[in-house]
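Let's sit down with a new structure and learn how to read its empty spaces and its strands.

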Amino acid sequence: MGCDKSSSSTSNIPLAASAPTIANQLKFNGNGFSNNGLYPKLFTCDSLGISPGLQWSNAPASTTNFAITMYTIPPTGDKHVYIVLYNIPSSTTSIPDNSKSIGIFGINTVDGKTTYTPPCSQGPGAKIYVLTLYALNATPTITVPNSQVTMDILLAGMKNKIVDSAVMSVTYTRP
């Protein structure tokens, strides 16, 4: 259950600018969901709101660590970030549901805490959430405390270190 390599049209992240030679071999999916699928209610504020389990394979041999982000861009245009997770060891190929001990959490933009925060979208209709797995050939260059690492700071710290990435877009509609 891998995902397509196309980048999301809602993404403001120029992956090609960060890594001129991305391998495009990573496979990435979640517990109960995959690219272009439905995001399970379990991982939203309409249920337990725990962080999703994720799995991946086929990382390039030069991978030393991974990073994961999750965001949406609602109609207001403000990017809402739910996961900023980095320094995941290269030996890791999955994260279980509700994990709090793998990698280092940066801050989400919903409540400003260093943890996963569940989507709790407002307004009618389906919302698209974009999860991205990055395979890195070096540890991100982070010059602020972990409690201040935003998605933008992480992306800047990964510049020229991304050897592959996989994007998974999922949809959730609140009941």
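## Pockets, cavities and a strand

A: Welcome! This is a predicted model, and the lining of its largest pocket divides into eight nonpolar, five polar and two charged residues.

Q: How much space lies in the largest pocket?

A: Rolling a probe the size of a water molecule over the atoms shows where empty space is left. Here the largest pocket holds about 230 Å³. Of the 15 residues lining that pocket, the closest to its centre are His-80, Tyr-82, Cys-120, Ser-121 and Gln-122. The elements giving two or more residues to this lining are β5 (80-89) and β8 (127-136).

Q: How many cavities of 30 Å³ or more does the structure hold?

A: There are two of them. The largest cavity has about 70 Å³ of space. Among the residues that line the largest cavity are Leu-54, Ile-68, Ile-95 and Phe-105. By class, its lining counts seven nonpolar and two polar residues, with no charged ones.

Q: Which side chains of strand β3 are buried?

A: Look at how the side chains alternate along β3 (residues 54-57). Leu-54 and Trp-56 point to one face and are buried, whereas Gln-55 and Ser-57 point to the other and are not.

Q: Which residues stand opposite those of β3 in the strands it pairs with?

A: Take each partner strand in turn. Strand β1 (residues 27-30) runs antiparallel to β3, joined by four bridges, and Phe-28 stands opposite Trp-56. Strand β6 (residues 94-95) also pairs with β3 in the antiparallel sense, over two bridges; there Ser-94 is the bridge partner of Gln-55.

Note on methods. Residues numbered from 1 in each chain as written. Predicted model: local features only at pLDDT ≥ 70, side-chain atom pairs only at ≥ 80, totals over all residues. Heavy atoms only, no water. 1 Å grid on protein atoms, 1.4 Å probe; cavity = no way out; pocket = protein on both sides within 12 Å on 5 of 7 lines; lining within 4 Å. Points joined across faces, edges and corners; volume = space filled by probe spheres on them. Nonpolar A, V, L, I, M, F, W, Y, C, P; charged D, E, K, R; others polar. Buried < 20%, exposed > 50% of the residue type's maximum accessible area, 1.4 Å probe, protein only. Pairing = 2+ DSSP bridges.
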